[in-house]
Amino acid sequence: MTGRNRSSTESRDPDALLARAGIQPDRNQDQHFLVDDRVLDRLPTYAEGFDTSHVLEIGAGTGALTDRVLDVADRVTVVERDTRLADFLREEFADACTDGRLDIIEGDALSVDLPEFSASVSNLPYGVSSEVLFRLLPAKRPLVVMVQKEFAERMVAAPGTDDYGRLSVTVGHYAECEIVETVPPEAFSPPPAVESSVVRASPRDPDYAIDETAFLAFVRAVFTQRRKTVRNAIRNTTHISGIEQPAAVVEAADEGLLRKRAGDLTPTEFAALARLGVEVGGAPSEEATSGSEIE
């Protein structure tokens, strides 16, 4: 869907929004408000080609991004945990709330019930970026998210690189990710201590078939001992992977894979080993651990 454009109406000025809200950013709540008009204007454009019939925004703040997302979406739901900001959003966007184009959920994005959504465009609170992402990614909906640059580089890292790790493999299980923009600290008020990046994530089905619970547990386990060979990591992390018979997995696995370290395994190779963990190692399947959450 194409959404609605308010071409005759200029976007709200982010500095003016911050002034009207009359709120000092709370560093304890990881509040860094994006105030660069150019970046704000570009963010929704990265959702071009996505279904924007119902866009979810996590951490709406004073609504500078919300205002621009309303330009391209038919309906927007925002989640904001700061009561002061949620009250301000209800007042500032009263018309959009009244006509049913904007819903405001007051609460923590890690615990509130999230609605069905077609895409998400968000400047994520950096302290909980990972936790929020792993609430969003399993929904298999496209995302445009602002995160710390270092975190973004880990999201898109390739096997064999320094940034490649559990995050890279787990994110890649759900989506194809690319960094589309790097944003300097000066674009925020107050400026964070690090650079930021915008990541565009398009849902994908992995090119391997694997029980998801076993796969994610195995990836987590092996990366806790990334300096050791995979052979030793399998033996040493049964309390994480759930593999009951590590010797059987080692016996059945390809010797070339066992000599590698976690940072050199491709997602497909992780899947092959995790599959052995279920088939010969007694690792629990998704059915056996239903209800478990991705960390």
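**Note on the predicted model**

1. Ring pairs join Tyr164, Phe218, Phe223 and Phe270 into a cluster. The model under discussion is a predicted one. In total, 4 aromatic pairs are counted. For Tyr208 and Phe215, the ring centres lie 5.2 Å apart and the planes meet at 35°, so this pair is classed as tilted. Tyr208 is buried, at 10% relative accessibility, and Phe215 is likewise buried, at 0%.

2. Two members of the aromatic cluster, Phe218 and Phe270, also take part in a helix-helix contact. Helix H9 (residues 212-223) packs on helix H14 (residues 267-279) at an angle of about 110°, and the axes are 9 Å apart. The two helices, H9 and H14, are therefore roughly perpendicular to each other. From H9 the contact draws on Ala214, Phe215, Phe218, Val219, Val222 and Phe223, and from H14 on Pro267, Phe270, Ala271, Leu273, Ala274 and Val278. Sorted by class, the contact of H9 with H14 holds 12 nonpolar residues, with no polar and no charged ones. Phe215 thus belongs both to this contact and to the tilted pair with Tyr208.

3. Beyond this helix pair, Gly281 lies in the segment after H14. What is the relative accessible area of Gly281? The value is 0%, so Gly281 is buried. Leaving aside residues up to four places away in sequence, Gly281 touches Ile243, Glu244, Gln245, Val249 and Leu276. The C-alpha atoms of Gly281 and Arg135 are separated by 29 Å, with these positions 146 residues apart along the chain.

4. For residues 39-205, the unreviewed UniProt entry lists "domain: Ribosomal RNA adenine methylase transferase N-terminal". In the model, the chain over residues 39-205 is 32% helix and 26% strand. The C-alpha atoms at the two ends of residues 39-205 are 31 Å apart.

5. In helix H6 (129-136), the buried residues are Ser129, Val132, Leu133, Phe134 and Leu136. These buried residues of H6 pack against strand E2 (55-58), strand E5 (119-123), E6, helix H7 (149-156) and helix H8 (166-174).

6. Two backbone features merit inspection. Most residues other than glycine have a negative phi, and most peptide bonds are trans. Lys140, however, has a positive phi near 55°. Lys140 is located in the loop between helix H6 (129-136) and strand E6 (143-148), and Lys140 is partly exposed, with a relative accessible area of 31%. The second feature is the peptide bond from Ser189 to Pro190, which is cis, with omega near -10°. Pro190 sits in the loop between strand E8 (188-189) and strand E9 (196-203).

7. Both backbone features have a contact partner described here. Arg204, in the loop between E9 and H9, touches Lys140, Gly172, His173, Tyr174, Ala175 and Glu176 when residues up to four places away in sequence are not counted. Is Arg204 buried or exposed? Arg204 is partly exposed, with a relative accessible area of 24%. The C-alpha atoms of Arg204 and Gly107 are 97 residues apart along the chain and separated by 30 Å.

8. The cis-bonded Pro190 is touched by Gln31, whose other contacts are Gln24, Pro25, Asp26, Asp82, Arg84 and Leu85, not counting residues up to four places away in sequence. Gln31 lies in the loop between helix H1 (14-21) and strand E1 (33-34). Under 20% relative accessible area a residue counts as buried; Gln31, with 7%, is therefore buried. The C-alpha atoms of Gln31 and Lys149, 118 residues apart along the chain, are separated by 17 Å.

9. Glu106 is part of strand E4 (residues 102-106). Its relative accessibility is 35%, so Glu106 counts as partly exposed. Which residues does Glu106 touch, not counting residues up to four places away in sequence? The contacts are Glu80, Thr83, Ala86, Asp87, Arg90 and Val112. Glu106 and Glu80 are 26 residues apart in sequence, and their C-alpha atoms are 5.1 Å apart in space.

Terms used:
Residues are numbered from 1 along each chain as its sequence is written. This is a predicted model: local features need pLDDT of at least 70, side-chain atom pairs count only at pLDDT 80 or more; totals for chains, interfaces and linings use all residues. Side-chain values use heavy atoms; hydrogens and water are left out. Rings of Phe, Tyr and Trp (its six-membered ring) pair if their centres lie within 6.5 Å; planes under 30 degrees apart count as stacked, over 60 as edge-to-face and the rest as tilted. Buried means under 20% relative accessible area, exposed over 50%, partly exposed in between (1.4 Å probe, protein chains only). UniProt positions are given in the numbering used here, feature names are shortened, and annotations may be inferred rather than shown by experiment. Helices (H or I, at least four residues) and strands (E, at least two) are DSSP runs, numbered from the N terminus. Axes are lines fitted to C-alpha atoms, for helices over the stretch in contact, and angles run from 0 to 180 degrees between N-to-C directions. Angles under 35 degrees count as roughly parallel, over 145 as roughly antiparallel, 65 to 115 as roughly perpendicular and the rest as oblique. Contact means heavy atoms within 4.5 Å. Ala, Val, Leu, Ile, Met, Phe, Trp, Tyr, Cys and Pro count as nonpolar, Asp, Glu, Lys and Arg as charged, and the others, Gly among them, as polar.
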